[in-house]
Amino acid sequence: MALAAERRVRLLFVINQFPQGGSERYLFEVCSALDRRLFDVHILTRRDVDRAGFYHQRIENLGIPIHAIRPHVPNIKRFAPAIASWRPYRVGRNRISSWLARWYNAEVLRSFDIIACIQLENFLALQGALGDH
């Protein structure tokens, strides 16, 4: 069977940030070496990750999609500061944000064949979304 006709293995790496560190270099080197005809590589990271981090642009230049671990929930602080500082609003927004993150992360995680957490804290943080997977 031809290589192009086979389904590529969907591989997700999970990492917190992209500074010039050992874990980040490891991720970059592995991503650089993987055969893209065999692997569909993606990265999951924090929403507030520093896009100017040493390896962020280098990994994007490899053509690897970088996904945010938490979907964006708009903050109305700029438009309605009085409401944004109101405790019931903050609690509700945090609950909605947490629920969306669990749902979104679980959906994203289910779509991958292999999930590689680069640092232990990432593995522990995703336990709720991983469930039985």
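Which residue of S3 does Ile-43 stand opposite? In this predicted model, the residue opposite Ile-43 is Ile-66 of S3, and the views below set that pair within the sheet, the nonpolar cores and the surrounding helices.

**View 1. Overall arrangement of the predicted chain, with 6 helices and 4 strands.** Read from the N terminus, the elements follow one another as β-α-β-α-β-α-α-β-α-α. The protein has 133 residues, of which 32% count as buried, and the area that it exposes comes to about 8,600 Å², with carbon and sulfur atoms supplying 56% of that area. When contacts are restricted to residues at least 6 apart in sequence, 67% of them join residues at least 24 apart.

**View 2. The open sheet of 4 strands, ordered S3-S2-S1-S4 with parallel pairing.** S3 and S4, the latter spanning residues 114-117, form the edges, each pairing on one side only. Averaged over the sheet and with direction ignored, neighbouring strands are turned by 25° against each other. In general, the strands of a sheet pair through backbone hydrogen bonds, in either a parallel or an antiparallel manner.

**View 3. Strand S2, residues 39-45, and its pairing with S1 and S3.** S2 is mostly covered, with 6 of its 7 residues buried. Towards S1, which comprises residues 9-14, the pairing is parallel and extends over 6 bridges; within this pairing Val-9 has Phe-39 of S2 as its bridge partner, and Arg-10 stands opposite Asp-40 of S2. Towards S3, residues 66-68, the pairing is likewise parallel and extends over 3 bridges, and it is here that Ile-43 stands opposite Ile-66.

**View 4. Strand S1 alongside the edge strand S4.** The two strands run parallel and are joined by 4 bridges. Leu-12 stands opposite Ile-115 of S4, while the bridge partner of Phe-13 in S4 is Ala-116. As a general rule, side chains in a regular strand alternate between the two faces of the sheet.

**View 5. The right-handed β-α-β unit made by S1, H1 and S2.** The helix of this unit, H1, covers residues 22-33, and Ser-32 lies in this helix. Ser-32 counts as partly exposed because its relative accessibility is 35%, which falls between the 20% limit for buried and the 50% limit for exposed residues. Ser-32 and Ile-59 are separated by 27 residues in sequence, yet their C-alpha atoms are 8.2 Å apart in space.

**View 6. The largest nonpolar core, with 15 residues.** The members of this core that touch the most other members are Phe-13, Phe-18, Leu-27, Cys-31, Val-41, Ile-43 and Ile-59. Two or more residues are contributed by each of S1, H1 and S2, and the largest share, 3 residues, comes from H1. Setting aside residues up to four places away in sequence, Leu-27 touches Phe-13, Ile-15, Phe-18, Ile-43, Ile-59 and Ile-118. Another core lies apart from this one and has 7 residues, among them Leu-44, Ile-69, Val-108 and Leu-109. Such grouping can be read against the general tendency of nonpolar side chains to be buried together in soluble globular proteins.

**View 7. The surroundings of His-56 in helix H2.** Helix H2 covers residues 56-61, with His-56 among them. His-56 counts as buried because its relative accessibility is 1%, which is under the 20% limit for that class. When neighbours within four places in sequence are left aside, His-56 is in contact with Phe-18, Val-49, Asp-50, Arg-51 and Ile-66. Two of these contacts link this view to the preceding ones: Phe-18 is also a member of the largest nonpolar core, and Ile-66 is the residue of S3 that Ile-43 stands opposite.

Key
Residues numbered from 1 in each chain as written. Predicted model: local features only at pLDDT ≥ 70, side-chain atom pairs only at ≥ 80, totals over all residues. Heavy atoms only, no water. Buried < 20%, exposed > 50% of the residue type's maximum accessible area, 1.4 Å probe, protein only. Pairing = 2+ DSSP bridges. Right-handed = clockwise from strand over helix to strand, strands pointing away. Core = buried A, V, L, I, M, F, W, Y, C linked by side-chain atoms within 4.5 Å. Contact = heavy atoms within 4.5 Å. Areas by Shrake-Rupley, 256 points an atom, 1.4 Å probe, with all protein chains shown as cover. Axes fitted to C-alpha atoms, helices over the stretch in contact; angles between N-to-C directions.
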